[in-house]
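Grab a coffee and work through these exercises with the structure open beside you. Each one sets a task and then walks through a solution.

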Amino acid sequence: MVVMVAGVASAQKITAAGATFPYPIYNKWFSEYAQAHPGIEINYQSIGSGGGIKQVSDGIVDFGASDGPMNDDQLAAAKVKVMHFPTVLGAVVPIYNLPGLNKELNFSGDVIADIYLGKITKWNDPRIAKDNPGVNLPDKAILPVYRSESSGTTYIFSDFLSKVSPSWQSGPGKGTAIKWPVGIGQKGSEGVSGMVRQTPGAFGYVELIYASQNQIAYGTVKNHDGKFLQATPDGVTAAAAAAAKSMPADYRVSITNAPGADSYPISSFTWLLIPTHFTDPAKGKVVKDFLTWMLDHGENEASSIGYAPLPKQVQDMERKTITKIQ
């Protein structure tokens, strides 16, 4: 994606890369910002969170984007000092392709984990049936689909599974790239969406907007309080409420499986990875201007396309952190 965005002082070419999870809203924001501030080119490549972390760490791009925060080792190894800036919150949903089934399915976290562990292999497995009384589930093999590249969506999904399944925690665990016991890998949220959409019996995970845009069935997920919830911006906001009150100064926080009857369990912040110091001060000025614009204007548009805006407490914190960019 190449768009012309804010000219704060003079024409600048800014490069960025990373997460696919927030790409739909970043695309919208950059386009709108371009209309209001012609003059500067931002090229954002939707390559996955792992690629975004690597490219910003190596100084290849001006900033990165990730759905899984960089860990201490990654921050220490980076050639540039990086800060995390939350942008919006989103939900990961379990998607499936079962022709003829016209009812939304319920999924418990331990069931999802065991599908990807290869312990549950058929759609009419008693454990799936238990969560879906009265549903005529087919005697059909499940094809688990996962992200083949390093992915923040995978980080969110596996972080949730690690909290609800001891077997998962001691096995694949959490990370942007993990060793999947079974299934087939596809590149990007687009790849996972496409494979599930065209393959009867397939099961996968994507950000809510990808399921909505591609008209793929997605299920409810059992939350911390035992309630099956459909993913909504309100459910994501509820999950973030507690974290917002005690947000760490570096913004690296997990909100999967958050307590509360209204909290959707596979929710997460997503972050821009911004260097603290730009060798070209004009680029730093543009990035600071965009981040301020995002808080002033962009957050109001989050809910309209399936994301949740940042809590006010987090926005207020970020306004102060933006001043540290040089």
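A pocket here is an open set of grid points with protein on both sides within 12 Å along at least five of seven lines, and a volume is the space filled by probe spheres set on the points. Keep in mind that this is a predicted model.

**Exercise 1. Size up the second largest pocket and sort its lining by class.**

Step 1: Start with the volume, which comes to about 170 Å³ for the second largest pocket.

Step 2: List the lining. Val 56, Gly 59, Val 61, Asp 62 and Val 80 are among the residues there, and so are Pro 275, His 277, Phe 278, Thr 279, Asp 280 and Lys 283.

Step 3: Sort them, and you get 5 nonpolar, 3 polar and 3 charged residues.

**Exercise 2. Do the same for the largest pocket, and find which elements give two or more residues to its lining.**

Step 1: The largest pocket holds about 230 Å³ of space.

Step 2: Its lining includes Leu 75, Val 82, Met 83 and His 84. Further along the chain, Ala 249, Asp 250, Tyr 251 and Arg 252 line the largest pocket too, as do Met 317, Lys 320, Thr 321 and Lys 324.

Step 3: Two elements, β5 (82–96) and α12 (312–322), give two or more residues each to this lining.

Step 4: The class tally is 6 nonpolar, 2 polar and 4 charged.

**Exercise 3. Find out how many cavities of 30 Å³ or more there are, and describe the largest.**

Step 1: Searching the whole structure turns up 1 cavity of that size.

Step 2: The space in the largest cavity is about 50 Å³.

Step 3: Check who lines it. Asp 67, Tyr 155, Ile 156, Ser 267 and Trp 271 are among the lining residues. At least two residues come from each of α6 (152–164) and β13 (267–275).

Step 4: By class, this lining has 6 nonpolar, 4 polar and 2 charged residues.

**Exercise 4. Work out how helix α1 sits against helix α11.**

Step 1: The axes of α1 (residues 23–36) and α11 (residues 281–296) are 11 Å apart, at an angle of about 110 degrees.

Step 2: Angles of 65 to 115 degrees count as roughly perpendicular, so that is how α1 lies relative to α11.

Step 3: From α1, Trp 29, Phe 30, Glu 32 and Tyr 33 meet Val 286, Asp 289, Phe 290, Trp 293 and Met 294 of α11. That contact has 7 nonpolar, no polar and 2 charged residues.

**Exercise 5. Classify the ring pair formed by Phe 107 and Phe 203.**

Step 1: The structure has 24 aromatic pairs.

Step 2: In the pair of Phe 107 and Phe 203, the ring centres are 5.2 Å apart and the planes are at 55 degrees, so call it tilted.

Step 3: Now place the partners. Phe 107 belongs to strand β6 (residues 106–107) and Phe 203 to strand β9 (residues 202–207), so the pair links distant parts of the chain, 96 residues apart.

How values were computed:
Residues numbered from 1 in each chain as written. Predicted model: local features only at pLDDT ≥ 70, side-chain atom pairs only at ≥ 80, totals over all residues. Heavy atoms only, no water. 1 Å grid on protein atoms, 1.4 Å probe; cavity = no way out; pocket = protein on both sides within 12 Å on 5 of 7 lines; lining within 4 Å. Helix = DSSP H or I, 4+ residues; strand = E, 2+ residues; numbered from the N terminus. Nonpolar A, V, L, I, M, F, W, Y, C, P; charged D, E, K, R; others polar. Axes fitted to C-alpha atoms, helices over the stretch in contact; angles between N-to-C directions. Parallel < 35°, antiparallel > 145°, perpendicular 65-115°, else oblique. Contact = heavy atoms within 4.5 Å. Phe/Tyr/Trp six-rings, centres within 6.5 Å; stacked < 30°, edge-to-face > 60°.
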